[in-house]
Amino acid sequence: MQKLDWEDLRYFAAVARGGSISAAARELGVNHSTVLRRLDSLEQSLGVRLFERLQSGYVMTGAGETLRGRLGPIEEEIGSAQREVGGLDEELRGSIRLTTTDTLAHGLLMPYLHRFQEAHPAVQLQLVVNNSFLNLTQREADMALRPSNTPPANLVGRKVGALATALYASHAYLRGAERQGIARDDWAAHRWVAPDDSLSHLAAAQWLAEHVPPSQVAVRTDSLVTMVDAARNGMGVAPLLCMLADRERALEQLVPPDPRFHTQLWVLSHRDLRNVARIKALSQFLYDALREDAHVFPA
């Protein structure tokens, strides 16, 4: 067995995470052939095949699984060291990779990011819009602004407040329902715009499952922003975030926001990054600014 190249192991770990050469290349910022060359080099050094090359992607062999299991703790230790060393830089400069949902990016966040960047022009912001939690441990992001009543336990941060949800429908839809003799609060008789299974953790989604027959759901979607669009176009009644729906003149709120539907809002980071100057500054800025926002309720 030849001596292993640590760089080859890094490329192996990226392929293992992404499941393909293309995914690893995107993560590492290199081209396809570089990943292939590094992977071939590692397999030759070990004298074993680490992946089966299938049409659907790269699937690890038993040897690959063993190697990934051994590398996991090492990767975390190296990542921890990188984060701690990065924290020694006390200047407000450099990049911040911030992940958030399409809902918050579209409806809440942009004016505040603009204000922060005006105050700190040497900080470059990279916004990653993703409706699932990215892995801050693997540095998929440095910070997260997330609506969640159960934030990941391995992250640190503060609860800013809560976002309200209420039931809305378009004026055109309500006129049509009235002509059909459907009472406004006869929820089982209305057509509905509903979240799909990826958002089933939301209290509003659970309420819908209890009060609305599945046959009355006109459309399901994995995006709260898309739900607003569907409701505005008359596809049915919908549980919508008030911060998005209240600005739509075509929509009418049917009942006041139900506190049971509130979703907590969190500013989060990895614990190793919390004392990095630029991360600390943006975290505090967002916490202070969002607590004063009219759409964020105390929680």
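A residue counts as buried when its relative accessible area is under 20%, as exposed when that value is over 50%, and as partly exposed in between. Keep this in mind as you work through the exercises, and remember that the structure above is a predicted model.

**Exercise 1. Get an overview of the protein.**

Task: Find how many helices and strands the protein has, and what share of its residues count as buried.

Solution:
- Step 1. Begin with the elements: the protein has 10 helices and 13 strands.
- Step 2. Turn to burial: 46% of the 299 residues count as buried.
- Step 3. Finally, look at contacts between residues with a separation of 6 or more: 74% of them join residues 24 or more positions apart.

**Exercise 2. Sort residues by burial.**

Task: Decide for Thr100, Ala289 and Ala203 whether each is buried, exposed or partly exposed.

Solution:
- Step 1. Thr100 is in strand 3, which covers residues 94-100. Its relative accessibility is 0%, so Thr100 counts as buried.
- Step 2. Ala289 sits in helix 10, residues 277-291. With 10% relative accessibility, Ala289 is buried because its value is under 20%.
- Step 3. Ala203 belongs to helix 7. Its relative accessible area is 28%, so Ala203 is partly exposed.

**Exercise 3. Look around two of these residues.**

Task: Find which residues Thr100 and Ala203 touch, leaving aside neighbours up to four places away in sequence.

Solution:
- Step 1. The contacts of Thr100 include Ala105, Leu109, Leu127, Val128 and Leu145.
- Step 2. Leu145 deserves a second look: its backbone oxygen is 2.8 Å from a polar atom of the Thr100 side chain.
- Step 3. Ala203 touches Arg260 and Phe261.
- Step 4. Now try distances between C-alpha atoms. Ala203 and Thr165 are 38 residues apart along the chain, and their C-alpha atoms are separated by 9.6 Å. For Ala289 and Arg115, 174 residues apart along the chain, the separation is 9.9 Å.

**Exercise 4. Work through the salt bridges.**

Task: For the pairs Arg38 and Asp8, Glu43 and Arg53, and Arg232 and Glu248, find the distance and the elements involved.

Solution:
- Step 1. Start with the idea behind such pairs: side chains of opposite charge can pair when their charged atoms come close. The whole structure holds 10 salt bridges.
- Step 2. Arg38 and Asp8 form one of them, with 3.0 Å from N to O. The pair links helix 3 (residues 32-46), where Arg38 lies, with helix 1 (residues 6-18), where Asp8 lies; the two are 30 residues apart. Both Arg38 and Asp8 are buried.
- Step 3. In the salt bridge of Glu43 and Arg53, the closest N and O atoms are 3.0 Å apart. Glu43 is in helix 3 and Arg53 in strand 1 (residues 51-54), so this pair ties together parts 10 residues apart in sequence. Glu43 is buried at 9% relative accessible area, while Arg53 is partly exposed at 29%.
- Step 4. Glu43 and Arg53 also belong to a network of salt bridges together with Asp40.
- Step 5. Between Arg232 and Glu248, the closest N and O atoms are 3.3 Å apart. Arg232 lies in helix 8, and Glu248 in the loop between helix 9 (242-245) and strand 11 (251-253), 16 residues apart. Arg232 has 29% relative accessibility, so it counts as partly exposed.

**Exercise 5. Examine a charged residue without a salt bridge.**

Task: Find where Asp102 lies and why it has no salt bridge.

Solution:
- Step 1. Asp102 is in helix 5, which covers residues 102-119.
- Step 2. Asp102 is buried, and the nearest side chain of opposite charge, Arg146, is 7.6 Å away. A salt bridge needs the nitrogen and the oxygen within 4 Å, so Asp102 has none.
- Step 3. Asp102 does have a polar contact: its side chain and that of Thr103 are joined at 3.4 Å.
- Step 4. Beyond its neighbours within four places in sequence, Asp102 is in contact with Val129, Asn131, Ser223 and Val225.

**Exercise 6. Explore a pocket.**

Task: Describe the space and the lining of the second largest pocket.

Solution:
- Step 1. The second largest pocket holds about 620 Å³ of space.
- Step 2. Its lining has 30 residues, and those nearest the centre are Pro147, Leu199, His201, Leu202 and Thr263.
- Step 3. Elements that give two or more residues to this lining include helix 5, strand 5 (143-147) and helix 7 (203-211).

Terms used. Residues are numbered from 1 along each chain as its sequence is written. This is a predicted model: local features need pLDDT of at least 70, side-chain atom pairs count only at pLDDT 80 or more; totals for chains, interfaces and linings use all residues. Side-chain values use heavy atoms; hydrogens and water are left out. Helices (H or I, at least four residues) and strands (E, at least two) are DSSP runs, numbered from the N terminus. Buried means under 20% relative accessible area, exposed over 50%, partly exposed in between (1.4 Å probe, protein chains only). Lys and Arg count as positive and Asp and Glu as negative; His and the chain ends are not counted. A polar contact is a pair of N or O atoms within 3.5 Å; within protein, one must be able to donate a hydrogen and the other to accept it, and residues adjacent in sequence count only if both atoms are side-chain atoms. Contact means heavy atoms within 4.5 Å. On a 1 Å grid over the protein atoms alone, a cavity is a set of points where a 1.4 Å probe fits but cannot get out, and a pocket is an open set with protein on both sides within 12 Å along at least five of seven lines; lining residues have an atom within 4 Å of a point. Grid points are joined across faces, edges and corners, and a volume is the space filled by probe spheres set on the points.
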